[in-house]
Amino acid sequence: MSLPMLDKYLQAFLQTLAMVSVSAVIAIVLGLTLAVVLTVTAPGNLYPRPRFNKVLSVTVNTFRAIPFIILLVAMLPFFARIAQVSLNDVDHGLVEAARAMGCRRWHIVRHVLLPEALPGIIGGMTVSVIAMINASAMAGAVGAGGLGDLAIRYGYERYETRVMFEVIVILIALVSIVQFTGEWLSRRADHKR
């Protein structure tokens, strides 16, 4: 492989990492916040606000209906729902026990809900980041740069199937690394509970 082509691979890989990393951080931070708010404002929960919860829930569902190609931006509500499922699966007995001991709502969220839901949240985060990698490749197909763009411009348009194959191998490796890391972190969080 020539040096200029190697530079193109490196540049495309770094663009993909940048797209996925920035999107993932935003989606995880804001998505987790949304998930906590949706969970604690649900009827019968820590801070019940049924009307607010319903409006927020409808808003999140609306954003989830956005087409796949815009998924890089729309991952926030997607991750929020995944995290909310994990938060809702926390044993309500633990929450009630913390309430009975006089814990404040925020302490219950911070010291009961989030630690107990962490393995599921990490699993959801892993699925979301993998979806972002897939979406970044799709975004590259429409000119957003990254590995998808490299595969289209060099592999498809110039009939260099080797480039397409190599990009696929790189994407598979990247997804495998994310999956392995996510599973490892989830197991580790599960053992710390």
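Contact here means heavy atoms within 4.5 Å, and that cut-off applies wherever this tour of a predicted model speaks of residues touching.

**The whole chain**

Begin with everything displayed as a cartoon, where the chain shows 7 helices and 0 strands, so that from the N terminus on the elements run α-α-α-α-α-α-α. Along its principal axes the C-alpha trace spans about 65 × 35 × 20 Å, and 40% of the 193 residues count as buried. If you list the contacts in the chain with a separation of 6 or more, 69% of them are accounted for by residues 24 or more positions apart.

**Thr126 and the largest pocket**

Select Thr126 next, which lies in helix α5, residues 105-141. Thr126 has a relative accessible area of 5% and is therefore buried, the cut-off for that class being under 20%. With its neighbours within four places in sequence left aside, the residues in contact with Thr126 are Val178, Gln179 and Gly182.

Keep Thr126 selected and add the other residues that line the largest pocket, namely Ala24, Ile28, Met125, Val129, Val178, Thr181, Gly182 and Leu185. The space in this pocket comes to about 150 Å³. Which helices each supply at least two residues of its lining? They are α1 (3-40), α5 and α7 (161-192), and the largest share, 4 residues, comes from α7. Coloured by class, the lining of the largest pocket shows 6 nonpolar residues, 3 polar ones and no charged ones. Val178 and Gly182 thus appear twice at this stop, as residues in contact with Thr126 and as part of the pocket lining.

**The helix α6**

Move on to α6, which spans residues 146-156. Because 8 of the 11 residues of α6 are buried, this helix is largely enclosed by the rest of the structure. To see the buried set, select Gly146, Leu147, Gly148, Asp149, Leu150, Ala151, Tyr154 and Gly155, and then show the elements that cover these residues, among them α1, α5 and α7.

**Tyr159, in the loop that follows**

From α6, step along to Tyr159, whose place is in the loop between α6 and α7. Is Tyr159 buried or exposed? At 73% relative accessibility Tyr159 counts as exposed, since the exposed class begins over 50%. The backbone deserves a check here, for Tyr159 has a positive phi of about 55 degrees although it is not a glycine. Most residues other than glycine have a negative phi.

**Asn88 and the largest cavity**

Turn now to Asn88, which has its place in helix α3, residues 71-88. At 35% relative accessibility Asn88 is partly exposed, and its C-alpha atom is separated by 9.5 Å from that of Val36, a residue 52 positions away along the chain.

Asn88 also belongs to the lining of the largest cavity, together with Thr39, Asn45, Leu87, Val90, His92, Val95 and Leu113. The elements that give two or more residues to this lining are α3 and α4 (92-100). The structure holds 1 cavity of 30 Å³ or more, and the space in the largest cavity is about 40 Å³. Its lining residues divide into 4 nonpolar, 4 polar and no charged, so a colouring by class leaves the charged category empty here, given that Asp, Glu, Lys and Arg are the residues counted as charged.

**Phe63 and the aromatic side chains**

Select Phe63, found in helix α2, residues 50-64, which at 44% relative accessibility counts as partly exposed. A distance label drawn between the C-alpha atoms of Phe63 and Phe78, 15 residues apart along the chain, should read 8.2 Å. How many aromatic pairs does a search of the whole structure find? The search finds 0.

Finish at Arg49 and Tyr47, and show both side chains as sticks. The charged end of Arg49 sits over the ring of Tyr47, at 4.1 Å from the centre of that ring.

Notes. Residues numbered from 1 in each chain as written. Predicted model: local features only at pLDDT ≥ 70, side-chain atom pairs only at ≥ 80, totals over all residues. Heavy atoms only, no water. Buried < 20%, exposed > 50% of the residue type's maximum accessible area, 1.4 Å probe, protein only. 1 Å grid on protein atoms, 1.4 Å probe; cavity = no way out; pocket = protein on both sides within 12 Å on 5 of 7 lines; lining within 4 Å. Points joined across faces, edges and corners; volume = space filled by probe spheres on them. Phe/Tyr/Trp six-rings, centres within 6.5 Å; stacked < 30°, edge-to-face > 60°. Lys NZ or Arg CZ within 6 Å of the ring centre and 35° of its normal.
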